[in-house]
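Here is a short report on one protein model. It takes up a few single residues, then the cysteines, then the packing of helices.

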Amino acid sequence: MKVLIITVAGMSTRFSESVGYPCLKCLYYKQDMKESLLYRFLYEYPEFDRYIIVGGFQFDRLKSAVSENFESLQDKILLIQNEKYAGYGSGYSLYLGLKAALEMQPTEVVFAEGDLYVDRAGFEKVVNAKKDIVTYNRETIWADRAVAFYFDIRYGIHYIYDVEHSALEIKEPFLGIFHSGQIWKFARTGHLRQVFESMDEEGWRGTNLVFVQKYFETMERGEYEMIGLEKWINCNTVSDFESI
């Protein structure tokens with residue numbers, strides 16, 4: 001069973017400010033719901049057996065939108081409410097999604113942050129790959145908007161992100177640095193369960209990168225594949241959305 005986890009629980013502060021009212025950005029559109037990020041994710045990528053959507057901010061609106069606009073996928077969608085979205089980081093949404101996915105006994109799990117637009121060809125590579133996947137894109141790495149990762153001198157992978165959107169810092173020699181595509185594939189379900197069970201509550205209170213880091217940090221470079229996403233847009237603001 002192939003499972004896609006999409007997390008959309010965040011408060012969308014920067015996006016709401018750019019629009020001018022409180023807005024759940026995964027549902028935002030100009031003319032038609034088909035333009036929305038969530039619609040694109042669910043209907044442009046039909047390869048999955050189950051879709052787990054973790055919401056929080058404006059959850060009732062999300063629930064209504066899923067019920068009214070995704071009728072043909074109702075038997076595939078599991079909608080989960082993150083009641084701690086305001087006090088915890090993005091890691092708790094991933095916790096809820098992974099908990100539900102592991103109960104389904106999946107053969108593989110893909111995790112994508114729900115404020116992204118990515119090219120179809122790049123995402124297909126992720127879906128069709130047999131190995132674990134780390135994605136990257138070719139955007140400039142700016143500390144106020146990027147999730148980055150780098151390789152230390154032993155090719156160990158390290159994710160960096162500043163929740164204050166201020167500055168990124170690397171305190172050791174490194175071999176390369178990349179702008180994360182914020183989509184990952186967990187192909188080793190045994191390893192996935194082991195890492196999931198090793199996390200404590202404090203770990204889940206932070207960003208989802210805590211889990212991602214723990215999942216990949218024990219792997220040799222050749223044990224997972226890196227896939228570049230040619231068209232990748234992180235919709236922090238409405239202007240980002242309009243660039244799609």
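Gly114 counts as buried, at 6% relative accessibility. Buried means under 20% relative accessible area, exposed over 50%, and partly exposed in between, with a 1.4 Å probe and protein chains only. The model is a predicted one: local features need pLDDT of at least 70, side-chain atom pairs count only at pLDDT 80 or more, and totals for chains, interfaces and linings use all residues. Residues are numbered from 1 along each chain as its sequence is written, and side-chain values use heavy atoms, with hydrogens and water left out.

**Gly114 and its surroundings**

Gly114 sits in the loop between E4 and strand E5 (116-118). Helices (H or I, at least four residues) and strands (E, at least two) are DSSP runs, numbered from the N terminus. Which residues does Gly114 contact, leaving aside its neighbours within four places in sequence? They are Ile6, Thr7, Val8, Cys26, Leu37 and Phe41. Contact means heavy atoms within 4.5 Å. Cys26 is 88 residues from Gly114 along the chain, yet their C-alpha atoms are separated by 6.3 Å.

**Cysteines**

Cys26 leads on to the sulfur chemistry. A disulfide is a covalent bond between the sulfur atoms of two cysteines. Here the criterion is a pair of cysteine sulfur atoms within 2.5 Å. The structure holds zero disulfides. For Cys26, the nearest cysteine sulfur is that of Cys23, 8.7 Å away. Cys26 is buried, with a relative accessible area of 2%. Cys235 is in no disulfide either; its nearest cysteine sulfur belongs to Cys26, 11 Å away. Cys235 is buried too, at 0% relative accessibility.

**Loop residues and Arg205**

Most residues other than glycine have a negative phi. Gln58 has a positive phi of about 50° although it is not a glycine. Gln105 also has a positive phi, near 55°. The table gives the place and accessibility of these two residues, with Ile141 and Arg205 alongside.

| Residue | Place | Relative accessibility | Class |
|---|---|---|---|
| Gln58 | loop between strand E2 (50-55) and helix H3 (59-69) | 25% | partly exposed |
| Gln105 | loop between H4 and strand E4 (108-113) | 56% | exposed |
| Ile141 | loop between strand E6 (132-137) and strand E7 (148-152) | 28% | partly exposed |
| Arg205 | helix H7 (residues 201-205) | 37% | partly exposed |

Ile141 has contacts beyond its neighbours within four places in sequence: Ala146, Ala148, Leu168, Ile177, Phe178 and His179. Leu168 is 27 residues from Ile141 in sequence and 9.6 Å away in space, C-alpha to C-alpha.

Arg205 touches Tyr88 and Gly89, not counting residues up to four places away in sequence. The C-alpha atoms of Arg205 and Ala86 are separated by 11 Å, and the two residues are 119 apart along the chain.

**Helix packing: H4, H6 and H8**

How do H4 and H6 pack? Helix H4 (residues 90-103) and helix H6 (residues 189-198) meet at an angle of about 135°, with their axes 11 Å apart. That makes H4 oblique to H6. Axes are lines fitted to C-alpha atoms, for helices over the stretch in contact, and angles run from 0 to 180 degrees between N-to-C directions. Angles under 35 degrees count as roughly parallel, over 145 as roughly antiparallel, 65 to 115 as roughly perpendicular, and the rest as oblique.

H4 passes H6 in a left-handed crossing. A crossing is left-handed if the near helix is turned anticlockwise from the far one by less than a right angle, and right-handed if clockwise. H4 contributes Tyr95, Leu98, Lys99 and Leu102 to the contact, and H6 contributes Leu192, Arg193 and Phe196. By class, these are five nonpolar, no polar and two charged residues. Ala, Val, Leu, Ile, Met, Phe, Trp, Tyr, Cys and Pro count as nonpolar; Asp, Glu, Lys and Arg as charged; the others, Gly among them, as polar.

H6 also packs on H8, at an angle of about 130° and with axes 10 Å apart. That makes H6 oblique to H8. The crossing of H6 over H8 is right-handed. From H6, His191, Leu192, Val195, Phe196 and Ser198 meet Phe211, Lys214 and Tyr215 of H8. This contact has five nonpolar, two polar and one charged residues.

Is helix H8 (residues 209-216) largely enclosed or left open, and why? Six of its eight residues are buried, so H8 is largely enclosed by the rest of the structure. The buried residues are Leu209, Phe211, Val212, Gln213, Tyr215 and Phe216.
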